[in-house]
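Trainee: I would like a close look at one helix-to-helix contact in this model. Please describe which residues form the contact and how the two helices are arranged.

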Amino acid sequence: MECSYFGKCGSCTLYTLDYNAQCAHKQEAMRTLFAPLHVKEFDFFTSPSEHYRGRSEFRIWKEGDTISYAMGAVDKKGAVCIETCPKVEMKIYDIMPKLLKQIESSLILREKIFAIEFLASSEHLLVTLIYHKPLKEEWDKEARKLEEMFGVFVIGRSRGIKRILSQDFVEDRFDIAGKMYRYHIIEGGFSQPNRAMNQKMISWVLRHLENCEDLLELYCGYGNFTIPMAGKFKKVLATEISKTSITSALQNCELNDIDTITFLRMSAEELTSALKKEREYNRLKGINLEDYRFSHVFVDPPRAGMDEASLEFISQFENIIYISCNPETLKRDLEVLTKKYAILHFALFDQFPNTEHLESGVILKRI
Ligand SMILES: C[S@@+](CC[C@H](N)C(=O)[O-])C[C@H]1O[C@@H](n2cnc3c(N)ncnc32)[C@H](O)[C@@H]1O
């Protein structure tokens, strides 16, 4: 990838290496990190080296009436103004400068704007403009012109306000092993930033599912993995802390005509205490946990990894699939799990070329 902001913008740190060298560097770092757990080899999945990010956020820098996109500087002192970013998907890349010019030309759109977020899918592009001012009908009128001009959905956000002009979700579609999946992804919930890698992760997980009965999933988001995995299991119980993501997840069951998943808005900690019968929750009324025979647990926690109680709780099931966006917390959690489990497969997914970040997938079986 070529970028005129390398060495100035803090978002890329591995730019001195070509893509193959970056992959070798990341694998070596992971070999060193996981050597104490006797992991020597990984399946490694590469990404397109540019235009891979379908979700991106930029701060807005102002000088008089001029506005620019801005990223944190590499030396962590201040910001670097950029025109566009070669990491973002072409849909975003193409409109970034034109969209900004249009916002700049309108006082209502320009005034007190401090960030812009992009969410791209196979079908749509959604743009969220974030402000330090209340947004009223006059803002809607101007923002609607952006929707018409660029063929995008626009949302306005400011403290406590979300103004939706057309819709606040995108629809993503992709094919895995000859089956088409459709997702509504509502703005504001988590979504995997690299869509190509996301599909590789889902395929990898599906290929390694065997002897499936029922599935327990923690941190399920909008059902990104849940929906394709459901085809392999009799029943699925999937939980997630975010209300927005659960709303998407319920819609995604309908979109994909699946009725074997129960999605619940519950933190991993709450679900663990419910399954351990420590506490009763209204949200579990009508759900008989005794009906489930969980052969597999699937977890995809945030960067902090799993809490101790949930980790201990899942350590009773036959198979665990752990997707992680943070090798350090993954290692910490695997140190606990490998007392009772063997690592059958360990994959690395290069979700973020030109950076040190790496996504991992581990399949564990009870010893
Ligand atoms: C890395 S994302 C994975 C989501 C999903 N698997 C996907 O691929 O889109 C982690 C998810 O965990 C959720 N989360 C964060 N803390 C949580 C907690 N304590 N309990 C349950 N879910 C949590 C977040 O809202 C987020 O959706």
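Mentor: Ile-95, Lys-98, Leu-99, Gln-102 and Ile-103 of helix 2 are in contact with Leu-146, Met-149 and Phe-150 of helix 4, where contact means heavy atoms within 4.5 Å. By class, these residues comprise six nonpolar, one polar and one charged; Ala, Val, Leu, Ile, Met, Phe, Trp, Tyr, Cys and Pro count as nonpolar, Asp, Glu, Lys and Arg as charged, and the others, Gly among them, as polar. The model is predicted, so local features need pLDDT of at least 70 and side-chain atom pairs count only at pLDDT 80 or more, whereas totals for chains, interfaces and linings use all residues. Residues are numbered from 1 along each chain as its sequence is written, and side-chain values use heavy atoms, with hydrogens and water left out.

Helix 2 spans residues 90–104 and helix 4 residues 137–150; helices are DSSP runs (H or I, at least four residues) numbered from the N terminus. Their axes lie 11 Å apart and pack at an angle of about 150°, the axes being lines fitted to C-alpha atoms over the stretch in contact and the angles running from 0 to 180 degrees between N-to-C directions. Helix 2 and helix 4 are therefore roughly antiparallel, a term for angles over 145 degrees. Their crossing is right-handed, that is, the near helix is turned clockwise from the far one by less than a right angle.

Helix 1 (residues 19–34) and helix 10 (residues 327–337) also have axes 11 Å apart, but pack at about 30°. This pair is therefore roughly parallel (angles under 35 degrees), and its crossing is right-handed.

Notes. Helix = DSSP H or I, 4+ residues; strand = E, 2+ residues; numbered from the N terminus. Parallel < 35°, antiparallel > 145°, perpendicular 65-115°, else oblique.
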